[in-house]
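Could you walk me through this structure, one region at a time? I am new to it and would like to know how its strands pair and where its empty spaces lie.

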Amino acid sequence: METLALILAGGRGSRLDILSEKRSKPAVPFAGKFRIIDFALSNCCNSGIFQIGILTQYLPLSLNEHIGVGKPWDLDRRDSFVTLLQPNNSWYEGTADAIRKNLEFVKRYASKYVLILSGDHIYKMDYSKMIEQHKQTGADLTIAAKIVPIDEASRFGVLETDSNLKINKFVEKPKEPKSNKASMGIYVFSTQALIEAIENHPDIVDLDFGKHIIPDMINTKNVYAYEYYDYWMDVGTYDSYLETNLELCGDTALDLYDPSWKIYTKSEDLPPVKVGDNSSITKSLISNGCQIDGEITHSVISPGVKVGAGSVIKDSVILNDVVIGNNCHIENTIIDKETVIGNNSKIGTGTDYTPNKDKPNILSSGINVIGKKLILPEGLVVERNVRIFSSADSKKILEKHIKSGETLK
């Protein structure tokens, strides 16, 4: 076996808040019918890598059910596998610690290379090209790098390279970055170099690639950058999640319709979309099983959603099996699975953009986020920057007017 892929998929995704309340970030639905992790998994399969370990941790049930034996990604064949790796005695304390706690798994398969990926980014990438460069340069470690605006570089691990792309410096989230080459969290290791790098740090509990492994290897090994110029997005905030979903409704660099590079997923057996006589759909993604009797504009509608007559949905993401009653107006809102919106409701209304009082750092642009399996009353009015958890107090919801910046939980 030449390459073993390990996908780090245990992240809580705390900035996604309600959406990761009962699932890990890689399991969050995206672009209608997909989950975020589908992109890393599909990239592996399209790159000819069919031996995959997925390191789970936080609320793994949803992710485990989604992946199963890996059939949608052709990972249930004799010469392929997908293995779900959960922590045994203690939780993963850092990205490299997660690999350390599964080092016997790496040693057992004795591949030439180990490809380490994050399970929570949206992109299409041929990993075989990165592996080929790794071979040609004789690297011990190759790090995928994306050129980002210099004023955004402080959010990333930043690489400095020579003219041959050999990395001579790496700084994790520098306050004043001197380079705009950002690490994408995608690594190709020569297997023995990975094992040695991890075993060389037995006393560091929270062993991390960015803090410990990469800086050490730059000083002692051959470490190169692989420059990547295509679409790549971290959807770790409400703003980026909504924006990236809605980008797919128009012209975007991420082509979901390319037959040569499909994004695979576990699909539900649902009937075709049904569109009523007086309905209207503009610049939107509508998934299988939907019944639309209202107006949809610039929105992503996930499988099994029902939209009642006279209702308008604009600039929103509606997740699976949500039921929206008649004569509702929903704007700039994310609604999680199986929630019911009563008739004549208005969600995302008014000119008051008061940031969320509990979480102003994650909700201030006017987005509303509503949790799963809620039953909201008729005539409900929700202004902006409102969070309604699935555990929300039903008495407060029945007040029927929720001011901007409020949180119900």
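Valine 114 has phenylalanine 189, in strand S11, as its bridge partner. That contact belongs to the antiparallel pairing of S6 with S11, which extends over four bridges. Keep in mind as you look around that this is a predicted model.

S6 is a good strand to start from. It covers residues 113-118, and six of its six residues are buried, leaving the strand mostly covered. You can follow its side chains in two sets: Tyr113, Leu115 and Leu117 point one way, while Val114, Ile116 and Ser118 point the other way, and all of them are buried. S6 also has a parallel partner in strand S1 (residues 3-8), and six bridges join the two. Within that pairing, alanine 5 has leucine 115 of S6 as its bridge partner.

From S6, step across to S11, which spans residues 181-190. S11 pairs with S8 too, in the antiparallel sense and over six bridges. Here alanine 145 stands opposite serine 183 of S11. S8 itself runs through residues 141-147, and six of its seven residues are buried, so S8 is largely enclosed by the rest of the structure. S8 also runs parallel to strand S12 (residues 223-228), to which six bridges join it. In this case isoleucine 143 stands opposite alanine 225 of S12.

Several of these strands meet again at the largest pocket. How much space lies in the largest pocket? The figure is about 1600 Å³. Its lining has 47 residues, and those nearest the centre are Ser118, Asp120, His121, Lys173 and Asp234. Ser118 is already familiar as one of the buried residues of S6. The elements that each supply at least two lining residues are helix H3 (95-100), S6, S8, strand S10 (167-172), S11, helix H7 (209-220), strand S13 (232-234) and helix H8 (238-247). The largest share, four residues, comes from S11. By class, the lining of this pocket has 16 nonpolar, 17 polar and 14 charged residues.

The second largest pocket holds about 300 Å³ of space. It is lined by 16 residues, with Arg35, His66, Lys266, Glu268 and Lys337 nearest its centre. Strand S3 (34-35) and helix H2 (61-67) are the elements that give two or more residues to this lining. H2 provides the largest share, which is three residues. Sorted by class, the lining of the second largest pocket has three nonpolar, seven polar and six charged residues.

Now move further along the chain, to two open sheets. One has six strands in the order S14-S17-S20-S23-S26-S29, with parallel pairing. At its edges are strand S14 (274-275) and strand S29 (375-376), each of which pairs on one side only. For a view inside this sheet, look at strand S17 (residues 291-292) and strand S20 (residues 306-307), which pair in the parallel sense over two bridges. Glutamine 291 has lysine 306, in S20, as its bridge partner.

The other open sheet is made of seven strands, again with parallel pairing, in the order S15-S18-S21-S24-S27-S30-S32. Its edge strands are strand S15 (280-282) and strand S32 (401-402), and each pairs on one side only. Within this sheet, strand S21 (residues 312-314) runs parallel to strand S24 (residues 329-331), and three bridges join them. The bridge partner of lysine 314 in S24 is glutamate 331.

One last space remains to be visited. Rolling a probe the size of a water molecule over the atoms shows where empty space is left. How many cavities of 30 Å³ or more does the structure hold? The count is one, and the volume of this cavity is about 40 Å³. Ile18, Leu19, Glu21, Lys22, Arg23, Asp336, Gly371, Lys372 and Ser390 line it. By class, that lining has two nonpolar, two polar and five charged residues.

How values were computed. Residues are numbered from 1 along each chain as its sequence is written. This is a predicted model: local features need pLDDT of at least 70, side-chain atom pairs count only at pLDDT 80 or more; totals for chains, interfaces and linings use all residues. Side-chain values use heavy atoms; hydrogens and water are left out. On a 1 Å grid over the protein atoms alone, a cavity is a set of points where a 1.4 Å probe fits but cannot get out, and a pocket is an open set with protein on both sides within 12 Å along at least five of seven lines; lining residues have an atom within 4 Å of a point. Grid points are joined across faces, edges and corners, and a volume is the space filled by probe spheres set on the points. Ala, Val, Leu, Ile, Met, Phe, Trp, Tyr, Cys and Pro count as nonpolar, Asp, Glu, Lys and Arg as charged, and the others, Gly among them, as polar. Two strands pair if DSSP finds at least two bridges between them. Buried means under 20% relative accessible area, exposed over 50%, partly exposed in between (1.4 Å probe, protein chains only).
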